[in-house]
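Trainee: I have a new model to look at and would like to go through it with you, one question at a time. Please show it first.

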Amino acid sequence: MSKVYFTDLRTNPKRNLLNKIEDLLNRLKIDNALKKNDNVAIKVHFGEKGNTAYLRPVFLRTIAERVKRTGAKPFLTDTNTLYTGSRSDAVAHITTAIENGFDYSCTGCPIVIADGLRGKSGIKIAINGEVLKEVNIAKEIVEADCMVAVTHFKAHDLSGFGGALKNLGMGCASKEGKLIQHSSVAPKISVKNCKGCKLCLEYCSAGAISVTSKKASINEDVCIGCGECLIVCPHNAIMVQWNESPDIFQKKMVEHACGALTGKEKTSFFLNFLVQISPACDCYPNNDAPIVRDIGILASIDPVSIDSASCDLVNNEISIPNTAIKKQLKKGEDKWRALYPAIDWNIQLDHAEKLGLGKREYILIKI
């Protein structure tokens, strides 16, 4: 049973919310784990352009300053998205992050996009998963000495909720890793968008793509699912087939989380912010009204326990009327199933516990 530290959002002139965040980090005893000159990845979601539910950059500055006092060197990081949006390559990603307030003048540390310019900078990590035996994790995540996963806790349309495990599994994977999680088949070609430029042929190491009649096609039996063609196509003609079942998706996601933590099991820390708990991921170019009131902030060295506690805290709230949850739910009623009835969100927690990433049972310690 792991310790999960919790603080509500009540403050006074002598103890503000930033002081509380620092208190949480102190409870995790980060001074014992971080060493001078360690490169510390502060894993955060910078928010899609148009979405305003992402965490306030000043929270990240507080975390970065606390890390600096150990003598370590923090950097803010995330990985490029698989879909086409405002964060699908490093240039657009950093631009979006800065426009959303995550510039050096506010956060006090640099931004490093962990999987390179176009999302193909990854390292294959061997794991003993149920679905996967190898996962592709962003290179700069792998090479970092330590990690602080800072998560805006919310609902998610494929995993029920998005917490620390999703921040690790989806958020630390290269584009190849993301493709494997979302799909069990080869990408598909949009005949309408394809110009027959043949650029994809040069980047398909498996030789799975051919161009006939000025249109490309993909041999699913030959495709290895690396996602390189998705990255290089200048016409957005190659698309993911979002066909993976929610159950298998969650297991693949957790197995990528396992890969992201490999080598950093004792030097990773987790903060979940239960504020502006939106009904969908921060990847959307908008955010809907919160489904429950703002609750507080949690911290732990156990990613399973912190997500388990976060789920319980949300489900122990009364849902806010006139939101994505159409019917007002009482305390104890499942908010995630109300939003996404077909998704069993317990799968990610159970699978993570099975893989040894942590424990579902926890002790909640209020500070």
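Trainee: Is Phe161 buried or exposed?

Mentor: Let's start from the classes: with a 1.4 Å probe and protein chains only, buried means under 20% relative accessible area, exposed over 50%, and partly exposed in between. Phe161 has 0% relative accessibility, so it counts as buried.

Trainee: Before we go on, what is left out of the side-chain values?

Mentor: This is a predicted model, where local features need pLDDT of at least 70 and side-chain atom pairs count only at pLDDT 80 or more, while totals for chains, interfaces and linings use all residues. Residues are numbered from 1 along each chain as its sequence is written, and the side-chain values use heavy atoms, leaving out hydrogens and water.

Trainee: How many aromatic pairs does the structure hold?

Mentor: Rings of Phe, Tyr and Trp (its six-membered ring) pair if their centres lie within 6.5 Å; the pair is stacked with planes under 30 degrees apart, edge-to-face over 60 and tilted for the rest. By that rule, the number of aromatic pairs in the structure is seven.

Trainee: Which kind of aromatic pair do Phe153 and Trp336 form?

Mentor: The ring centres of Phe153 and Trp336 are 5.7 Å apart. With 75° between their planes, the pair is edge-to-face.

Trainee: How many residues apart in sequence are the parts that this pair ties together?

Mentor: Helices (H or I, at least four residues) and strands (E, at least two) are DSSP runs, numbered from the N terminus. Phe153 sits in the loop between β7 (146–152) and β8 (154–156), while Trp336 belongs to helix α12 (residues 335–339), so the pair joins parts whose separation in sequence is 183 residues.

Trainee: What is the relative accessibility of Trp336?

Mentor: Its partner Phe153 is buried, with a relative accessible area of 0%. Trp336 counts as buried too, its relative accessibility being 0%.

Trainee: What is the angle between the planes of Phe161 and Trp345?

Mentor: Phe161 and Trp345 also make an aromatic pair, 6.0 Å from centre to centre. The pair is edge-to-face, and the angle between the planes is 75°.

Trainee: How many residues apart in sequence are the parts tied together by Phe161 and Trp345?

Mentor: Phe161 is in strand β9 (residues 160–162), and Trp345 is in the loop between α12 and α13 (346–354). The pair therefore ties together parts whose distance along the sequence is 184 residues.

Trainee: Which residues form one aromatic cluster?

Mentor: Trp345 is buried, with a relative accessible area of 6%, and Phe161 counts as buried at 0%. The single cluster they belong to consists of Phe153, Phe161, Trp336 and Trp345.

Trainee: How many of the residues of α11 are buried?

Mentor: Helix α11 covers residues 303–315, and its end C-alpha atoms are 18 Å apart, in agreement with the expected 18 Å. That expectation is 1.5 Å times one less than the number of residues. The buried residues include Pro303, Ile306, Cys311 and Asn315. The helix is largely enclosed by the rest of the structure, because the buried count out of 13 is 12.

Trainee: Which residue caps the N-terminal end of α11?

Mentor: Look for a side-chain oxygen 2.8 Å from the backbone nitrogen of Val304. The capping residue that supplies this oxygen is Asp302.

Trainee: How many salt bridges are there?

Mentor: Side chains of opposite charge can pair when their charged atoms come close. Here a salt bridge needs a side-chain nitrogen of Lys or Arg within 4 Å of a carboxyl oxygen of Asp or Glu. The count by this rule is 19.

Trainee: How many residues apart in sequence are the parts that Lys354 and Glu130 tie together?

Mentor: Lys354 forms a salt bridge with Glu130, with the closest N and O atoms 3.1 Å apart. Lys354 lies in helix α13 and Glu130 in the loop between β5 (122–126) and β6 (134–138), so the parts tied together have a separation in sequence of 224 residues.

Trainee: Is Lys354 buried or exposed?

Mentor: Its partner Glu130 counts as partly exposed at 44% relative accessibility. With a relative accessible area of 63%, Lys354 is exposed.

Trainee: Which residues are linked in a network of salt bridges?

Mentor: A separate bridge joins Glu143 and Lys139 (3.1 Å, N to O), and these two are four residues apart in helix α5 (residues 139–143). The network links Lys43, Glu48, Asp78 and Arg87.

Terms used. Polar contact = N/O pair within 3.5 Å; in protein donor to acceptor, adjacent residues only side chain to side chain.
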